[in-house]
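Work through the exercises below with the sequence and the structure at hand. Each task is followed by a solution in steps.

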Amino acid sequence: MAAPPRARDPQSVLFACAMNSVRSPMAESLLQHMFPQGLYVKSAGARKGDLDPFAVAVMGELGQDISAHKPQTFEELEDWEGLNFDLIITLSPEAHHKALELTRTLAAEVEYWPTQDPTTIEGSRDQKLAAYREVCDQLLMRIRRRFAKVGAASG
């Protein structure tokens, strides 16, 4: 069973979504907490948004504080430190198109993980929080599956 070729053990990972305000900062925090030393992890958006208070609340429930996160675009990240990532994981169609555009000149691999945008959910505060928790759980599951073999001999 040959797995498709991919960056098996990426040293640096960029998560990207539409506005870098919910999904990508959540994913960035989840992966950073899983591998505090082993990986360089950042996040960016196709456009710039404002950090979402529901995302901060849901991550806080896991003991992860993302309240200091400053949403940034691909361009801002590139200006500040370059886009030197082994792997770019996109969480929205908009970010995926942007990443593919950028990687024409970069040696980064791009993976697309379609992830629901919880900001579109209408309803009570509890209903909204439930939608954010669901997105967080999905991201955590995908991250665990994708990075299970990185830096650990798990059986």
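Contact here means heavy atoms within 4.5 Å. The model is a predicted one.

**Exercise 1. Which residues does M26 touch, not counting residues up to four places away in sequence? Place M26 in its core.**

Step 1. With those neighbours left out, M26 touches A55, V58, M59, Y132, V135, C136 and L139.

Step 2. The largest nonpolar core has 28 residues, and M26 is one of those that touch the most other members, together with F15, L31, I89, L91, I143 and F147.

Step 3. Two or more residues of this core come from each of β1 (12-17), α1 (23-34), α2 (53-61), β3 (87-90) and α5 (125-147). Helix α5 gives the largest share, eight residues.

Step 4. Another core, of twelve residues, lies apart from this one; A16, L77, L83 and A99 are among its members.

**Exercise 2. Compare the span of α5 with the expected one, then list its buried residues and what they pack against.**

Step 1. Helix α5 has 23 residues, which at 1.5 Å a residue should span 33 Å.

Step 2. The end C-alpha atoms of α5 are 32 Å apart, in agreement with that value.

Step 3. Buried means under 20% relative accessible area. In α5 this holds for L129, A131, Y132, V135, C136, L139, L140, I143, R146 and F147.

Step 4. An α-helix has 3.6 residues a turn, so residues three or four places apart point the same way. The list can be read with this in mind.

Step 5. The buried residues of α5 pack against β1, α1, α2, β3 and β4 (109-112).

**Exercise 3. How many disulfides does a search of the whole structure find? Explain the result for C136.**

Step 1. The search finds zero disulfides. C17 is in none, and the nearest cysteine sulfur to its own is that of C136, 13 Å away.

Step 2. For a disulfide, the two sulfur atoms must be within 2.5 Å. C136 forms no such bond because its closest cysteine sulfur, in C17, is 13 Å away, which is too far.

Step 3. C17 counts as buried because its relative accessibility is 3%. C136 also has 3% relative accessibility and therefore counts as buried.

**Exercise 4. How many aromatic pairs does a search of the whole structure find? Describe two of them.**

Step 1. The search finds three aromatic pairs.

Step 2. One of them joins F15 and W113, edge-to-face, at 6.1 Å centre to centre and 65° between the planes. F15 is in strand β1 and W113 in the loop between β4 and α5, so this pair links parts of the chain 98 residues apart. F15 and W113 are buried.

Step 3. The rings of F54 and Y132 have centres 5.3 Å apart and planes at 35°, so this pair is tilted. It ties together parts 78 residues apart in sequence, because F54 lies in helix α2 and Y132 in helix α5. F54 and Y132 are both buried.

**Exercise 5. Describe the surroundings of H96 and K98 in α4.**

Step 1. Helix α4 covers residues 93-102 and holds H96. K98 lies in α4 too.

Step 2. H96 has a relative accessible area of 16% and is therefore buried. Neighbours within four places in sequence aside, H96 is in contact with T90, V110 and Y112.

Step 3. K98 touches A46, F74 and E75, residues up to four places away in sequence not being counted. The side chains of K98 and E75 make a polar contact at 2.7 Å.

Technical notes
Residues are numbered from 1 along each chain as its sequence is written. This is a predicted model: local features need pLDDT of at least 70, side-chain atom pairs count only at pLDDT 80 or more; totals for chains, interfaces and linings use all residues. Side-chain values use heavy atoms; hydrogens and water are left out. A nonpolar core is a set of buried Ala, Val, Leu, Ile, Met, Phe, Trp, Tyr and Cys residues joined through side-chain atoms within 4.5 Å. Buried means under 20% relative accessible area, exposed over 50%, partly exposed in between (1.4 Å probe, protein chains only). Helices (H or I, at least four residues) and strands (E, at least two) are DSSP runs, numbered from the N terminus. The expected span of a helix is 1.5 Å times one less than its number of residues. A polar contact is a pair of N or O atoms within 3.5 Å; within protein, one must be able to donate a hydrogen and the other to accept it, and residues adjacent in sequence count only if both atoms are side-chain atoms. Rings of Phe, Tyr and Trp (its six-membered ring) pair if their centres lie within 6.5 Å; planes under 30 degrees apart count as stacked, over 60 as edge-to-face and the rest as tilted.
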